[in-house]
Amino acid sequence: ATFIRNTGGAIHNYSVSSSLQVNGCTFIRNTGGAIWEYGFGLGGGISGSTFRGNTGGAVYVDENSPEDMSGDVFDGNSTTGDGGAIYNNGSGGAGVNIQGSAFHGNHAGGQGGAIYLFGGSLSYVTGTDIEGNSATDGAGIAGPSIVVSDSTISGNRASEDGGGIDS
């Protein structure tokens, strides 16, 4: 499926009984973000999808909703707040697992130009390119409790702290 220029976001999943699975979808220039998920611990997954030019961020994952992401492309997404491409509110104990993805040219007016992790839940980034993102703090990644392996983090610009990672 392709989601283009939707206002109020492209997908909003607020469910006590189902998880959200997004596979091979494209999200372009949606206002209010592309995906907002509040899954009450059910979790979900996003794979092989492209997020390009969305405002309000690309993916917002709210507490208690673990998320697995693989083979996704996040390009030129932005927000005036935190998390230009991904905002994970892990205060309910659920982190994200990102594998084999690419984050290029995303921007946050606050923290986490590419990825913003809130709440201290352990998250993993593996085999991922995080390049050319910008934010006030943590232009590549901002947040505690993260394990990064086999990834490239380069050319990110923070106006204050942590061009690559601010933890």
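This report covers the overall build, the sheet pairing and one surface patch of a predicted model.

**Overall build**

The protein holds 24 strands and 0 helices. Its radius of gyration is 14 Å, close to the 15 Å that the globule rule gives for 167 residues, so the protein is as compact as a globular protein of that length. Along the principal axes, the C-alpha trace spans about 40 × 30 × 25 Å. Of the 167 residues, 46% count as buried. Contacts reach far along the chain: among those with a separation of 6 or more, 62% link residues 24 or more positions apart. The protein exposes about 6600 Å². Carbon and sulfur atoms supply 46% of that area.

**An open parallel sheet**

One open sheet has 7 strands, in the order β2-β5-β8-β12-β16-β20-β24. Its pairing is parallel. Strands β2 (11–14) and β24 (165–166) stand at the edges. Each has a single partner strand, so one side of each is left without a neighbour in the sheet. Inside this order, β5 (residues 35–38) pairs with β8 (residues 59–61). There, Trp36 has Tyr60 of β8 as its bridge partner.

**Strand β13 and its partners**

Strand β13 covers residues 96–99. Its side chains alternate between two faces. Val96 and Ile98 point to one face and are buried. Asn97 and Gln99 point to the other face and are not buried. On one pairing, β13 meets β9 (residues 67–70) in the parallel sense. Here Ser70 stands opposite Gln99. Strand β13 also runs parallel to β17. In that pairing Gln99 stands opposite Thr126. Gln99 thus appears in both pairings, facing Ser70 and Thr126.

The bridge counts for three strand pairs are set out below.

| Strand pair | Sense | Bridges |
|---|---|---|
| β5 and β8 | parallel | 3 bridges |
| β9 and β13 | parallel | 4 bridges |
| β13 and β17 | parallel | 3 bridges |

**A nonpolar surface patch**

Which residues make the nonpolar surface patch of about 250 Å²? They are Leu122, Tyr124 and Val147. Tyr124 lies in strand β17 (residues 123–126), the strand that 3 bridges join to β13. Its relative accessibility is 37%. Buried means under 20% and exposed means over 50%, with partly exposed in between. Tyr124 therefore counts as partly exposed.

Definitions and conventions
Residues numbered from 1 in each chain as written. Predicted model: local features only at pLDDT ≥ 70, side-chain atom pairs only at ≥ 80, totals over all residues. Heavy atoms only, no water. Patch = residues over 30% accessible without salt bridge, like charges linked within 9 Å, V, L, I, M, F, W, Y side chains within 5 Å. Areas by Shrake-Rupley, 256 points an atom, 1.4 Å probe, with all protein chains shown as cover. Salt bridge = Lys/Arg side-chain N within 4 Å of Asp/Glu carboxyl O. Buried < 20%, exposed > 50% of the residue type's maximum accessible area, 1.4 Å probe, protein only. Pairing = 2+ DSSP bridges. Rg over C-alpha atoms; globule rule 2.2 N^0.38 Å. Contact = heavy atoms within 4.5 Å.
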